[in-house]
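Here is a short briefing to read alongside the sequence and the model. Take a moment to look the structure over, and then we can walk through it topic by topic.

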Amino acid sequence: MRLNGLIPARFMLLIAHLVLAIILFSSIEENIVACLPEGSTITDAKRTEFIVGLALTIGLISIELLGFISGVSMFMPTQDMISIFAHCSGTVALAFFIFEAWPCTTFWWIFGFCSVFPAFTEILSILGFVLNWNL
């Protein structure tokens with residue numbers, strides 16, 4: 001399998017997903033107000049929930065970037081494809097989340113499928129490299 005296009009695409013999508021998560025983090029109040037139902041007010045619990053979710057998203061993307069930039073998973077085509085599909089979906093979904101004012105619960109679906117899953121597979125790739133598993 002040729003890796004010429006996978007590596008730059010993965011890097012670009014990781015950075016795009018990270019930038020959108022940081023944008024969401026920097027304008028958190030407006031996004032919480034936008035995703036709440038009409039007439040609702042922002043509670044500390046909702047604010048804390050959203051901050052924790054965004055911090056975890058940024059942390060998981062950072063773990064993936066660390067594994068990618070260190071070269072551990074850079075030349076693993078399966079991990080590249082998982083990361084590309086997940087972060088492309090995450091970037092598009094977060095853009096719609098910001099612009100279309102989706103409900104706050106939608107963020108957790110985006111988080112699970114587009115941040116947790118690729119980070120989990122990245123951690124498995126790192127463990128496989130460190131423990132010399134033949135994946």
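A disulfide is a pair of cysteine sulfur atoms within 2.5 Å. By that cut-off, the structure holds 0 disulfides. Please keep in mind throughout that this is a predicted model. Besides the cysteines, the topics below are a buried charged network, a salt bridge within one helix, a buried serine and a nonpolar surface patch.

**Cysteines**

- Cys 88 takes part in no disulfide, and the nearest cysteine sulfur, that of Cys 114, is 9.3 Å away.
- Seen from the other side, the closest cysteine sulfur to that of Cys 114 is in Cys 88, and at 9.3 Å the two are too far apart for a bond.
- How accessible is Cys 88? Cys 88 is partly exposed, because its relative accessible area is 35%.
- Cys 114, with a relative accessible area of 7%, counts as buried.

**The network around Arg 10**

- How many salt bridges does a search of the whole structure find? There are 5 salt bridges.
- As a general point, side chains of opposite charge can pair when their charged atoms come close.
- One of the salt bridges pairs Asp 80 with Arg 10, with 2.9 Å between the closest N and O atoms.
- This pair links distant parts of the chain, as Asp 80 sits in helix α4 (residues 77-100) and Arg 10 in helix α1 (residues 6-26), 70 residues apart.
- Asp 80 is buried, at 0% relative accessibility.
- Arg 10 is also buried, with a relative accessible area of 1%.
- Glu 122 forms a salt bridge with Arg 10 too, and here the closest N and O atoms are 2.5 Å apart.
- Because Glu 122 lies in helix α5 and Arg 10 in helix α1, this pair ties together parts that are 112 residues apart in sequence.

**A closer look at Glu 122**

- Is Glu 122 buried or exposed? Glu 122 is buried, because its relative accessible area is 0% and the buried class covers values under 20%.
- Both partners of the Glu 122 to Arg 10 salt bridge are therefore buried.
- The two side chains also make a polar contact, at 2.5 Å.
- Which residues does Glu 122 touch, leaving aside its neighbours within four places in sequence? Glu 122 is in contact with Arg 10, Ile 63, Glu 64, Gly 67, Phe 68, Ser 73 and Gln 79.
- For a sense of scale, Glu 122 and Ser 26 are 27 Å apart in space, C-alpha to C-alpha, and 96 residues apart in sequence.

**A salt bridge within helix α3**

- Arg 47 and Asp 44 meet through their side chains in a salt bridge, at 2.9 Å from N to O.
- Where do these two residues lie? Both are in helix α3 (residues 44-69), 3 residues apart, which is about one turn of the helix.
- Arg 47 is partly exposed, with a relative accessible area of 23%.
- Asp 44 counts as exposed, at 58% relative accessibility.
- Returning to the buried charges, salt bridges that share partners join Arg 10, Asp 80 and Glu 122 into one network.

**Ser 115 in helix α5**

- Ser 115 is found in helix α5 and counts as buried, at 2% relative accessibility.
- Leaving aside neighbours within four places in sequence, Ser 115 is in contact with His 17, Thr 57, Leu 60 and Ile 110.

**The nonpolar surface patch**

- Which residues form the nonpolar patch on the surface? They are Ile 63, Phe 120, Ile 123, Leu 124, Leu 127, Phe 129, Val 130, Leu 131 and Trp 133.
- Together, these residues have about 850 Å² of accessible area.
- Helix α5 (residues 104-131) gives the most to the patch, with 7 residues.
- Leu 124 is one of the patch residues and is found in helix α5.
- At 33% relative accessibility, Leu 124 counts as partly exposed.
- Ile 63 belongs to the patch, and Ile 63 is also among the contacts of the buried Glu 122.

Note on methods: Residues are numbered from 1 along each chain as its sequence is written. This is a predicted model: local features need pLDDT of at least 70, side-chain atom pairs count only at pLDDT 80 or more; totals for chains, interfaces and linings use all residues. Side-chain values use heavy atoms; hydrogens and water are left out. Patches are made of residues with over 30% relative accessible area and no salt bridge: like charges are joined within 9 Å, nonpolar side chains (Val, Leu, Ile, Met, Phe, Trp, Tyr) within 5 Å. Accessible areas come from the Shrake-Rupley method with a 1.4 Å probe; for residues, only the protein chains shown count as cover. A salt bridge is a side-chain nitrogen of Lys or Arg within 4 Å of a carboxyl oxygen of Asp or Glu. Helices (H or I, at least four residues) and strands (E, at least two) are DSSP runs, numbered from the N terminus. Buried means under 20% relative accessible area, exposed over 50%, partly exposed in between (1.4 Å probe, protein chains only). A polar contact is a pair of N or O atoms within 3.5 Å; within protein, one must be able to donate a hydrogen and the other to accept it, and residues adjacent in sequence count only if both atoms are side-chain atoms. Contact means heavy atoms within 4.5 Å.
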